[in-house]
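Thank you for sending this entry for comment. Please keep the sequence and the coordinates open while reading the points below.

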Amino acid sequence: MASSSNTKINQDKIITWFMDTVLEHEVVPKSVYKFCKDNKIKEEDFYKYFGSFEGLQKTIWEKFYENTVGVMQKNEGYQAMSNQDKMLTFFFTFFENLTLNRSYVLFVLKGQENAMEKISQLKGLRKNIKDFAAELIDERNSDKNLKILKRNPQLFSEGAWIQFMFLLKFWMEDSSAEFEKTDIAIEKSVTTIFQVFDNSSLEKIIDFGRFLYKESIA
């Protein structure tokens with residue numbers, strides 16, 4: 001591990017060192033003391049930004065979200081997109097981000113025996129994704145004059161989170177070139193969830209179900 005004694009310590013650098021340590025040694029560091037010693041930083045530098053490794057791991061997922069939103073907002077055409085296209089763009093961009101960090105993501109989600117530890121990492125991300133989805137449905141509702149036509153943001157946002165968890169599992173198991181099957185799953189699932197909320201035909205839902213069944217037995 002390269003010396004960090006002459007490097008200005010910040011949150012991103014600590015995250016990079018942590019992810020490198022996890023991938024190089026295939027284990028989460030046993031103690032903050034050992035981690036800091038190996039990276040030639042003071043423990044107080046670590047605790048300026050994180051209270052524990054658990055907090056650091058949650059922050060990594062939140063960073064994935066922040067990076068995704070940052071990339072989307074740099075797209076000049078993003079604000080003019082429909083809400084469905086914004087959701088599509090979000091998932092496509094998020095999973096591109098995950099692919100850049102695939103080895104780390106697979107290790108921390110597959111390498112831990114405790115299921116609750118895996119889920120707890122995603123707590124902050126869950127709130128971010130649900131807030132993002134709720135904002136989209138609020139925007140959609142603002143265009144509807146009749147209350148009966150408006151959709152429940154809480155229900156929609158929970159659906160978006162369940163959708164994300166399905167896509168995450170699908171992506172983790174996807175062995176197709178450039179994860180093209182994940183791209184298909186994203187497009188079909190986003191189209192389906194918006195059509196469900198628009199009371200559209202059952203055809204797309206059946207089509208999506210067939211796709212999932214085909215992939216599950218492939």
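The numbered points go from the whole chain to two helix pairs and then to a single residue.

1. The first thing to keep in mind is that this is a predicted model, and the remarks that follow should be read with that in view. Its secondary structure consists of 11 helices and zero strands, and, read from the N terminus, the elements run α-α-α-α-α-α-α-α-α-α-α.

2. As for the chain as a whole, 42% of the 218 residues in the protein are buried, while the accessible surface comes to about 12,800 Å², with 51% of that area belonging to carbon and sulfur atoms. If one considers the contacts with a separation of 6 or more, 65% of them are between residues 24 or more positions apart.

3. How do two packed helices come to be described? The angle between their axes and the distance between the axes are used for this purpose. For helix 4 (residues 53-74) and helix 5 (residues 83-100), the angle is about 125° and the axes are 9 Å apart; the two helices are therefore oblique to each other, and their crossing is right-handed. On the helix 4 side the contact is made by Trp61, Phe64, Tyr65, Asn67, Thr68, Val71 and Met72, and on the helix 5 side by Lys86, Thr89, Phe90, Thr93, Phe94, Asn97 and Leu98.

4. A second pair is formed by helix 1 (residues 11-25) and helix 6 (residues 102-110), whose axes come within 10 Å and cross at roughly 70°. That angle makes helix 1 roughly perpendicular to helix 6, and the crossing of this pair is left-handed, whereas that of helix 4 and helix 5 is right-handed. The residues that meet here are Phe18, Met19, Val22 and Leu23 in helix 1 and Ser103, Tyr104 and Phe107 in helix 6.

5. Is Thr191, a residue of helix 10 (residues 180-197), buried or exposed? Its relative accessibility is 16%, and because buried means under 20%, Thr191 counts as buried. A polar atom of the Thr191 side chain lies 2.8 Å from the backbone oxygen of Glu187, and since a polar contact is a pair of N or O atoms within 3.5 Å, this distance falls inside the cut-off. When inspecting helix 10, the reader may therefore wish to view Thr191, which is buried, together with the backbone oxygen of Glu187.

Note on methods:
Residues numbered from 1 in each chain as written. Predicted model: local features only at pLDDT ≥ 70, side-chain atom pairs only at ≥ 80, totals over all residues. Heavy atoms only, no water. Buried < 20%, exposed > 50% of the residue type's maximum accessible area, 1.4 Å probe, protein only. Polar contact = N/O pair within 3.5 Å; in protein donor to acceptor, adjacent residues only side chain to side chain. Helix = DSSP H or I, 4+ residues; strand = E, 2+ residues; numbered from the N terminus. Contact = heavy atoms within 4.5 Å. Areas by Shrake-Rupley, 256 points an atom, 1.4 Å probe, with all protein chains shown as cover. Axes fitted to C-alpha atoms, helices over the stretch in contact; angles between N-to-C directions. Parallel < 35°, antiparallel > 145°, perpendicular 65-115°, else oblique. Left-handed = near helix turned anticlockwise from the far one by under 90°.
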